[in-house]
Amino acid sequence: MPPSPCAACHSARALIVRPKNHQKLCKTCFIAVFEAEIHHTITANALFHRGERVAIGASGGKDSTVLASVLKTLNERHDYGLDLLLLSIDEGIRGYRDDSLETVKRNARQYDMPLTIVGYDELYGWTMDQVVEQVGKKGNCTYCGVFRRQALDRGAAMLGVQHVVTGHNADDMAETVLMNLLRGDLPRLSRSTSIITSTPAATPEASLANIKRSKPLKYAYEKEIVLYAHHKALDYFCTECIYSPEAFRGTARELVKNLERVRPSAILDIVRSGEDMARLTPGYEPPSWGGTCAGEAEEEAGCGSSVGRSAGGEMARMAVKLEADEKAGEEGLETEITLEKTGRRGKRKTEKAPRQPGKQTLGRCEKCGYLSSQSICKACMLLEGLNKSRPKVAIGDAQIDSVTNGLSQASISPG
């Protein structure tokens, strides 16, 4: 049987079958198509603006390494005008993070980007090894997730950076959608499915205000990211976190992989379904940063196929119609008949009106000043439990200043 030609150039021999759509491509065309899709995602969603300083959340893994490589390539090719730098978080996991940070340091030299490393021990007074020793391996990912998110914001604030990009891919997004559905957490679904999230200012002088996050790899399959890293011969760290096997995300990941085997487009279908459902959650506001993936552009940018599925606009129109019907009933245009219920002993029961979820108001943590919808942020609540047997650690502005003064020891200049 003769070798299959590349579906793009029709001349070279096809070496790669894309997991996303089973398209057969040669090495050169695959790399070009992958980079073109990321470029389309960036431009369609207006992720960057010229002159912007962008911190890449670098862990040394395949996702962040590919993200750094692609952004450097596209920034030079399409003249984005970005000032790129690497920001790494040291969770303090011996045998894992210390090794991956060596990879990040090599990447900083390879890509000619400055690197800054911020550690949990500097910010919180705890390393993840110490946290696991205290709380065990069950639930430790909750601590790490809360601490890591806040550490990225604090590291960006220290550097004066207002935009952080992370290497979340389509598989990660699909897992997050399923996790929120399994937990019944629809309000969080709106935030987690957005390609851009930001922390609005609680006060004008807030040091952590308006730090924007974006996910340029949101529609890229994990398998294709691995293929890109392999064919570009990128240097990345591939060992899994030693504490992650106990995480709930592992269950969602296994489910997503099983669905992908049956239907390769299932990953993007789940992501798109999550986006559609997010539009129906109370308090949803449409994004204000620019384009969205729709129509023919979806296939070109890898944003998923809408074949056989209703579009988000139809679901939004349905929600508007239901709201209008409910309002018409309140104005007396409809007559609602209610029946009184009686208990076993003949006593009448009155049904309680369903409790409406309260709308969250963004404020600042009373202890550390971090932006939070509660009076005490999650990080401080977790630290309070950890510090019961130790002197309490402050993570407020004074702590930030002390870490900022020590950043010169953890910062690495390329070359």
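Is aspartate 79 buried, partly exposed or exposed in this predicted model? With a relative accessible area of 47%, aspartate 79 is partly exposed, and the second of the views below returns to this residue and its partner.

**View 1. The whole chain, a predicted model with 16 helices and 13 strands.** Of the 415 residues in the chain, 45% are buried. Among the contacts with a separation of 6 or more, 72% are made by residues that stand 24 or more positions apart. The chain exposes about 22,400 Å², of which carbon and sulfur atoms supply 52%. The structure also holds 26 salt bridges, and some of them are taken up in the views that follow.

**View 2. The salt bridge between arginine 50 and aspartate 79.** The closest N and O atoms of arginine 50 and aspartate 79 are 3.2 Å apart. Because arginine 50 lies in the loop between α1 (27-44) and β3 (53-57), while aspartate 79 lies in the loop between α2 (62-77) and β4 (83-90), the pair ties together parts that are 29 residues apart in sequence. Arginine 50 counts as exposed, at 55% relative accessibility, whereas aspartate 79 is partly exposed.

**View 3. The salt bridge between arginine 18 and glutamate 224.** The side chains of arginine 18 and glutamate 224 meet at 2.7 Å, N to O. This pair links distant parts of the chain, 206 residues apart, with arginine 18 in the loop between β1 (16-17) and β2 (24-25) and glutamate 224 in helix α9 (residues 222-231). Both arginine 18 and glutamate 224 are buried.

**View 4. The salt bridge between glutamate 275 and lysine 218.** Here the side chains of glutamate 275 and lysine 218 meet at 2.6 Å, N to O. Since glutamate 275 lies in helix α11 and lysine 218 in the loop between β8 (211-214) and α9, the pair ties together parts that are 57 residues apart in sequence. Glutamate 275 is buried, with a relative accessible area of 10%, and lysine 218 counts as buried as well, at 2% relative accessibility. Elsewhere, salt bridges that share partners join Lys62, Asp63, Asp171, Glu222 and Lys257 into one network.

**View 5. Leucine 386 in helix α14 (residues 378-386).** Leucine 386 is buried, because its relative accessible area of 1% falls under 20%. Leaving aside its neighbours within four places in sequence, leucine 386 is in contact with Trp126, Val131, Gln134, Val135, Tyr143 and Phe147. One of these, tryptophan 126, is 260 residues from leucine 386 in sequence, yet the two are 8.8 Å apart in space, C-alpha to C-alpha.

**View 6. Threonine 127 in the loop between α4 (120-124) and α5 (128-135).** Threonine 127 is buried, with a relative accessible area of 18%. When its neighbours within four places in sequence are left aside, threonine 127 is in contact with Glu91, Gly92, Tyr120 and Asp121.

**View 7. A patch of positive charge on the surface, and helices α7 and α8.** The patch gathers Arg149, Arg183, Arg191 and Lys378. Arginine 183 is found in helix α7 (residues 170-183) and counts as partly exposed, at 44% relative accessibility. In helix α8 (residues 186-193), by contrast, Leu189, Ser190, Ser192 and Thr193 are buried, and the buried residues of α8 pack against α7 and α11 (266-278).

Conventions: Residues numbered from 1 in each chain as written. Predicted model: local features only at pLDDT ≥ 70, side-chain atom pairs only at ≥ 80, totals over all residues. Heavy atoms only, no water. Patch = residues over 30% accessible without salt bridge, like charges linked within 9 Å, V, L, I, M, F, W, Y side chains within 5 Å. Areas by Shrake-Rupley, 256 points an atom, 1.4 Å probe, with all protein chains shown as cover. Salt bridge = Lys/Arg side-chain N within 4 Å of Asp/Glu carboxyl O. Lys, Arg positive; Asp, Glu negative; His and termini not counted. Charge placed at Lys NZ, Arg CZ, Asp CG, Glu CD. Helix = DSSP H or I, 4+ residues; strand = E, 2+ residues; numbered from the N terminus. Buried < 20%, exposed > 50% of the residue type's maximum accessible area, 1.4 Å probe, protein only. Contact = heavy atoms within 4.5 Å.
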